[in-house]
Amino acid sequence: MITLTNINKTYAARGGGAPVHALADIDLSIARGEVFGIIGRSGAGKSTLLRTVNLLESPTSGSVTVDGVEMTTLSAAELRQARHSIGMIFQHFNLLSSRTVFDNVALPLELAGMARAEIGRTVEPLLDLVGLADKRNRYPAELSGGQKQRVGIARALASKPKVLLSDEATSALDPETTTQILHLLGDINRRLGLTIVLITHEIAVIKEICHKVAVMENGRVIEQGPVFDIFAHPKHPTTRSFVDPVINRGIPDSLRDRLAPQPGLGSNPVLRITFTGEKATTPVISAISRQLNLDLNIWHGQIDEIQGAPFGTLVVEALGDTAKVDAAIALVKENNLGVEVLGHALPANH
Ligand SMILES: Nc1ncnc2c1ncn2[C@@H]1O[C@H](COP(=O)(O)OP(=O)(O)OP(=O)(O)O)[C@@H](O)[C@H]1O
């Protein structure tokens, strides 16, 4: 549905300062019907990237195609037309205070010249979809933040877009309302098959509703892929800093002190074994103990859910010689579980 190829964006220098390279060599491909999350620290380039999709920002170089249309070469009139199929919701809702809920949602349809009766037939089901049918004649000032954003969502859906862009649509909302709105987006994706690209700081919600995620830093995409892969096996330190608070891959602080990067006198290797739901760990752990006569001291265990699929982590200290530990690692790999050596546990009284 959306392909960005070799996108660069440089903002010209202001007041003698250096130009800002907001986007550098970005390649992204977003499939039809996908919910695609963009995460990154402030200033990483997330908004700039999102706004290149509907050419609110035109890239300095590179190609943007949406549903097969190359956006960068369109005339102003063609671009206006193409934007009808790309809805957008914003942090501050951007509602008209003098219009009711119904009339805010109807606005893009009025501008497109749709007849009043047809507008009614389009808007009413959208108000149902976002749960605001009973607020149709209210004004924005009479609504909560979450309700205002629901109006924003209904308005964005009014022109039956193929793509919905969401730029920090929940950052003005409290955590509970944020979760509700992001779940509403997930629901809309499932019901309408709409492709959604969203920026959010709610990593826990990305874990639930996004299929894929891109992590940005300094204008670059440093890691991207299926949410399960990125959350289960984050490679870049920045990605880890986002994922760690919502996926407990870690080690209790009390044991962390015993972990050294290199083996020492009397140390034992500490392994992190990761597994997905359908693979039972217990037989593997007991098989290692039995077959290899190797004791495993469990330091930490946790099961999380990513995209509805269980993801488990087990951190164990292997109490045995190197050959046995190598054999244990091989056995874990044979069982298609993930395994890595986190370090070496020094004796408790080191
Ligand atoms: N119109 C502009 N003119 C000049 N520089 C800009 C402009 N818009 C953005 N930038 C710069 O481009 C970089 C990326 O900004 P962008 O808003 O895309 O980041 P972001 O990741 O969305 O940040 P945040 O999470 O704070 O919204 C920043 O260094 C920003 O200062």
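This text leads through a predicted model, from its division into domains to its cores and the surroundings of its ligand.

The protein is divided into domain 1, residues 2-246, and domain 2, residues 253-345. Their C-alpha centres lie 40 Å apart. Six residues from domain 1 and five residues from domain 2 make up the contact. On the side of domain 1 that touches domain 2, helix H7 (203-209) and helix H8 (227-232) each supply at least two residues. The largest share of that side, four residues, comes from H8. Sorted by class, the side of domain 1 that touches domain 2 has four nonpolar and two charged residues, and no polar ones.

An annotation from the sequence record may be set beside this division. UniProt, in an unreviewed entry, places the feature "domain: ABC transporter" at residues 2-243. In the model, this span is 38% helix and 26% strand, and the C-alpha atoms at its two ends lie 26 Å apart.

The interior can be described through its nonpolar cores. The largest of them has 72 residues, and Val105, Ala154 and Val197 are those with the most contacts inside it. Helix H5, residues 145-158, gives the most to this core, with six residues. Apart from this core lies another, of 16 residues; Ile251, Leu296, Leu314 and Ala328 are among them.

Val197 merits a closer description. When neighbours within four places in sequence are left aside, Val197 is in contact with Ile30, Phe36, Ile38, Leu50, Val53, Val163 and Leu165. For these contacts, the C-beta atoms of the two residues, placed from the backbone, lie within 7 Å.

The ligand and its shell complete the description. Around the ligand stand Tyr11, Val20 and Ala22, together with Gly40, Ser42, Gly43, Ala44, Gly45, Lys46, Ser47 and Thr48. Strand E2 (20-30) and helix H1 (46-53) each supply at least two residues of this shell. Of the elements involved, H1 gives the most, with three residues. In terms of class, the shell around the ligand has six polar, four nonpolar and one charged residues.

The elements that supply the shell also bear on the core residue described above. Ile30, a contact of Val197, falls in the range of strand E2 (20-30), while Leu50 and Val53, likewise in contact with Val197, fall in the range of helix H1 (46-53). Strand E2 and helix H1 thus supply residues to the shell around the ligand and also include residues in contact with Val197.

Methods
Residues numbered from 1 in each chain as written. Predicted model: local features only at pLDDT ≥ 70, side-chain atom pairs only at ≥ 80, totals over all residues. Near = placed C-beta within 6 Å. Nonpolar A, V, L, I, M, F, W, Y, C, P; charged D, E, K, R; others polar. UniProt positions renumbered as here; feature names shortened; annotations may be inferred. Core = buried A, V, L, I, M, F, W, Y, C linked by C-beta atoms within 7 Å. Buried ≥ 20, exposed ≤ 12 C-beta atoms within 10 Å, placed from the backbone. Domains from an automatic or database assignment.
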